[in-house]
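Student: I would like a close look at one part of this structure. Please take me through it step by step.

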There are 2 protein chains.
Amino acid sequence: MAVRYEHIKTCKQSGARLGRVHTPHGVIETPAFMPVGTLATVKTMSPEELKAMDAHIILSNTYHLFLRPGHEIIRQAGGLHKFMNWDRPILTDSGGFQVFSLSDMRKITEEGVAFRSHLNGDKLFLSPEKAVEIQNALGSDIMMAFDECPPYPATHEYAKQSLERTTRWAERCLKAHENTQNQALFGIVQGGMYEDLRKQSAADLTSLDFPGYAIGGLSVGESKELMYEVLEYTTPVLPANKPRYLMGVGSPDALIEGSIRGVDMFDCVLPTRIARNGTCMTSEGRLVVRNARFAEDFGPLDPKCNCYTCTHYSRAYIRHLIKADETFGLRLTTYHNLHFLLELMRNVRQAIQDDRLLDFRDEFFEMYGMNENGRGF
Amino acid sequence: MAVRYEHIKTCKQSGARLGRVHTPHGVIETPAFMPVGTLATVKTMSPEELKAMDAHIILSNTYHLFLRPGHEIIRQAGGLHKFMNWDRPILTDSGGFQVFSLSDMRKITEEGVAFRSHLNGDKLFLSPEKAVEIQNALGSDIMMAFDECPPYPATHEYAKQSLERTTRWAERCLKAHENTQNQALFGIVQGGMYEDLRKQSAADLTSLDFPGYAIGGLSVGESKELMYEVLEYTTPVLPANKPRYLMGVGSPDALIEGSIRGVDMFDCVLPTRIARNGTCMTSEGRLVVRNARFAEDFGPLDPKCNCYTCTHYSRAYIRHLIKADETFGLRLTTYHNLHFLLELMRNVRQAIQDDRLLDFRDEFFEMYGMNENGRGF
């Protein structure tokens, strides 16, 4: 088995899980946040920097790597780890979400999805078998089954048909998977915002006995309350001895609330994307360092942070760099935001250990300023 | 005295000088190449990376920092070293060259130069006193006197008037300089491509007893042969006990030829600028890593290089990053090119030590492929 979930303890106050995911490239302490390295690089960062902030795993995107540079080149390079100089675990998505969100003129059939590249209009085709072939070439530690992510809102009928197709596709993925020894294939629970469908999807996939389960189709436009409600009836029907990954979620509040609801793994482009726009997550909430009021502020981005950025550079310097379109400014904000979320998850794990994750949540929300102006997150 | 030149030896074969420039922030081994950090950052690089490649000194631009973020902000930050987290020596230029090459609608009078910002059209004024005031605020170890850089070609009459004004301005710079204890002000020898004028400029400036001398107005469009000819009659008339800095020159051949002609310090944006375009300096000459032929080339940029980039990443990966506009690709090519020139200077210093710089030059030119297709440099 390529991946094994080790359960350490359950938080007595919140029910959150503390654990470890063992993979061929090392251990992921959970709950974990995974920085996103779409094109075989976490934008602006080096692998050494990701290690310095102690990222245990990164995520990379099958759709993007299929388009550029192409999975055959990465196969020839000896796989994605070697290609990008990252020897810790990698999770790859299936390309399903991107086909639906990025590509043009897509046509879905039982066989798969025909679409046009968002880069050059090339006609391409992804199927369960192709998505697995690509991920086998990439050599990721954790692969995702090819799924259909229904839009929000979707009717009960559409969501049901879609999840049933996703289950049939998941079965085909299992059959196509050629490297079960070193790569774990996760199934993706769909079912929209419908409790009966989420339970049906979870039961169907569980019967196929995947080494782990993702929860897909959330953070697609619904309210956070609704997302938490879906998690509340979905995670209890997933096997306790397998890791659970909530796809595409990475705001600080959702990381805590997801952990409370039994999620082990998260990923999101949020911290890296807003960093490149000069927006930083800090202990005082979001800070837009481009603002003129920071021009002569010689304090750190976040006075409570001990990251490389905050211990070496001032808001005034970072603002100057970002205003002047200097790459190093984006490196500094990206480093800080990723460190912020990884540190948050370290604190979440400690709070589970101490049986006080609900208290930690309240303290964090108070600090982050969510209640003050609603813009904290 | 803020800066002291220590002469170690003269190459018996070439006449090149091996030495050290002692500054308040440390020692520069010479001949030295100085990476350019125009806006208080060497584009894409961190200070730690510059130290890892053993850059002894960097250059920053007075004109650019005057415009953004403004020297008063850097003064408040505690100076440029602290602002940008660089504790080794910094040299700042005077802004003279940029006023003439970048700004709009400039008007030169004896008092100074009125011009419009190339960023927003603001009316600005630089004079010898203002250029020194800015550099005193920046706190650079080595400052440059405010000079006029005549265009190429320039008539003998224009070049003479211009150098005489530059000398008068240099005197005003000396008077305005408020921190002689910690900052050394260098004079800039001008005089176009005229031997009598270069000698006049050198004699006039030498009589003012600067702690070091720059050679300006070269690499402005003239042939390299002509530049070398100017150096041949200029460096011998400069004091042997002071450092000599050839401004704006950084191609590998010119670094070697300049060293042979008695130059101690060089700077140029060439290695960093071409890096951001995907062009690399290698032991086999220039390599355009964007080219399709490197798509499946899993070897390093330069098989003879031991830099971070070449020991961890392939041409295929770097090409992929640059084609996909990923910042990390620019970091990798920038690192390599700067390392290449710093390593070249280490080899130049060793060759001087071994009294064989002319042999080294021939070997390097043969290797770099200059003779083969003329595009080596």
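Tutor: Let us take the contact between the two chains. Keep in mind that this is a predicted model. Chain B and chain A each bring 35 residues to the contact. About 3000 Å² of area is buried between chain B and chain A. Carbon and sulfur atoms give 56% of that area.

Now the charged pairs. There are 4 salt bridges between chain B and chain A. One of them joins E49(B) to R331(A). Their closest N and O atoms are 2.9 Å apart. Polar contacts link the chains as well: 16 residue pairs, with both residues at pLDDT 80 or more.

Which parts of chain B face chain A? Six helices each supply at least two residues to that side: α1 (47-52), α3 (71-76), α4 (80-84), α12 (308-312), α13 (315-323) and α14 (327-353). The largest share comes from α13(B), with 5 residues. Sort the side of chain B that touches chain A by class, and you get 19 nonpolar, 8 polar and 8 charged residues.

Finish with one residue of chain B. H56(B) sits in the loop between α1 and β5 (58-60). H56(B) counts as buried because its relative accessible area is 13%, and the cut-off is under 20%. Its neighbours from farther along the chain include V27(B), W86(B) and R349(B). E29(B) is another residue that H56(B) touches. The backbone nitrogen of E29(B) lies 3.1 Å from a polar atom of the H56(B) side chain. That side chain of H56(B) also makes a polar contact with the side chain of D54(B), at 3.4 Å.

Definitions and conventions
Residues are numbered from 1 along each chain as its sequence is written. Chains are lettered from A and ligands numbered from 1 in the order in which they are written. This is a predicted model: local features need pLDDT of at least 70, side-chain atom pairs count only at pLDDT 80 or more; totals for chains, interfaces and linings use all residues. Side-chain values use heavy atoms; hydrogens and water are left out. Contact means heavy atoms within 4.5 Å. Buried area is the accessible area (1.4 Å probe) that two parts lose on being put together, summed over both. A salt bridge is a side-chain nitrogen of Lys or Arg within 4 Å of a carboxyl oxygen of Asp or Glu. A polar contact is a pair of N or O atoms within 3.5 Å; within protein, one must be able to donate a hydrogen and the other to accept it, and residues adjacent in sequence count only if both atoms are side-chain atoms. Helices (H or I, at least four residues) and strands (E, at least two) are DSSP runs, numbered from the N terminus. Ala, Val, Leu, Ile, Met, Phe, Trp, Tyr, Cys and Pro count as nonpolar, Asp, Glu, Lys and Arg as charged, and the others, Gly among them, as polar. Buried means under 20% relative accessible area, exposed over 50%, partly exposed in between (1.4 Å probe, protein chains only). Lists of a residue's contacts leave out its neighbours within four places in sequence.
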